[in-house]
Amino acid sequence: MPKGDQKEKLKQKFSALDVSAQVSCLRKKLLGFRLNNVYDIAKKNYLFKFTQSGDKHLLLVDASSRIHTIENDVEKNTIPSGLTMKMRKNLRTRRLEKIEQ
C-alpha cells in the first residue's frame, strides 16, 4: 500500500516512558511560572494557564490519558465544575516549583 494511503494511528494513552519525557519537557517550559487560572474543557479535561512576565503557556490535562502544552486557547465550559472551583481557590497565583512523575 502506498504511503499516502496509510492512515496514521495516533497514540491514545501515554506510556510511562511518554510521561517521563513529557515531565522533562514541562520542567524546561513551566518551572517558575505562576498558575493564572484553571478551566474545565470537558469531563476530566482541564486547562491550566501559566504566566510569567507576559509569557504564557497552556497546559492541557486529560486526567485519564495525556498531558501536554498547547498553542491556542480552546473552548471552555461556561460553568466550572466543583473540582475546578476548588483548584482555582487553592492553586491560583501559586508558583510552579517542582514537577515529578
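In the predicted model, arginine 66 is in contact with Phe14, Leu60 and Val61 once its neighbours within four places in sequence are left aside. This arginine belongs to strand E4, and because its relative accessibility is 33%, between the 20% below which a residue is buried and the 50% above which a residue is exposed, arginine 66 is classed as partly exposed. Its side chain is joined to that of histidine 68 by a polar contact of 3.1 Å. Arginine 66 and serine 15 are 51 residues apart along the chain, yet a distance of 9.3 Å separates their C-alpha atoms.

The loop between E3 and E4 contains serine 65, whose relative accessibility of 13% lies under the 20% limit, so that serine 65 counts as buried. When residues up to four places away in sequence are not counted, serine 65 touches Gln12, Lys13 and Phe14; Phe14 is also among the contacts of arginine 66. A polar contact of 3.0 Å links the side chain of serine 65 with the side chain of aspartate 62.

The strand to which arginine 66 belongs is part of an open sheet of four strands, arranged in the order E1-E2-E3-E4 and paired in antiparallel fashion. Strand E1 (34-42) and strand E4 (66-70) form the edges, each of them pairing on one side only. From one strand to the next, the twist averages 20 degrees. In general terms, the strands of a sheet pair through backbone hydrogen bonds, and the pairing may be parallel or antiparallel.

Between E1 and E2, which run antiparallel, there are seven bridges. Within this pair, tyrosine 39 faces leucine 47 in E2, while leucine 35 is placed opposite phenylalanine 50 in E2. The two strands form a hairpin with two residues between them, and lysine 44 is located in the loop that connects E1 with E2. Although lysine 44 is not a glycine, its phi is positive, at about 65 degrees. The relative accessible area of lysine 44 is 48%, which means that this residue is partly exposed, given that the exposed class begins over 50%.

E2 and E3 likewise run antiparallel and are joined by eight bridges, with threonine 51 having lysine 56 in E3 as its bridge partner. The hairpin of E2 and E3 also has two residues between the strands, and serine 53 is found in the loop between E2 and E3. Serine 53, which is not a glycine, has a positive phi of about 45 degrees. At 77% relative accessibility, serine 53 is over the 50% limit and is therefore classed as exposed.

Asparagine 45 is a residue of strand E2, which spans residues 45-52. Because its relative accessibility of 15% is under the 20% limit, asparagine 45 is counted as buried. With neighbours within four places in sequence left aside, asparagine 45 is in contact with Tyr39 and Asp40, and also with Val61, Asp62 and Ala63. Two of these contact residues recur elsewhere in the description: Val61 is also in contact with arginine 66, and aspartate 62 is the partner of serine 65 in the side-chain polar contact noted above.

Two helices are placed against the strands. Helix H2 (residues 82-91) lies across E1 and E2, and its direction is at about 180 degrees to that of E1. As for the other helix, the sheet itself, with its order E1-E2-E3-E4, serves as the packing surface: helix H1 (residues 16-30) packs on the sheet and touches E2, strand E3 (55-62) and E4, its direction making about 35 degrees with that of E4.

The largest pocket encloses about 150 Å³ of space. Its lining is made up of Val19, Val23, Leu26, Leu30, Phe50, Leu59, Ile67, Leu96, Lys98, Ile99, Glu100 and Gln101. H1 makes the greatest contribution to this lining, with four residues. Phe50, one of the lining residues, is the residue of E2 that stands opposite leucine 35.

Note on methods: Residues numbered from 1 in each chain as written. Predicted model: local features only at pLDDT ≥ 70, side-chain atom pairs only at ≥ 80, totals over all residues. Heavy atoms only, no water. Buried < 20%, exposed > 50% of the residue type's maximum accessible area, 1.4 Å probe, protein only. Contact = heavy atoms within 4.5 Å. Pairing = 2+ DSSP bridges. Axes fitted to C-alpha atoms, helices over the stretch in contact; angles between N-to-C directions. Polar contact = N/O pair within 3.5 Å; in protein donor to acceptor, adjacent residues only side chain to side chain. 1 Å grid on protein atoms, 1.4 Å probe; cavity = no way out; pocket = protein on both sides within 12 Å on 5 of 7 lines; lining within 4 Å. Points joined across faces, edges and corners; volume = space filled by probe spheres on them.
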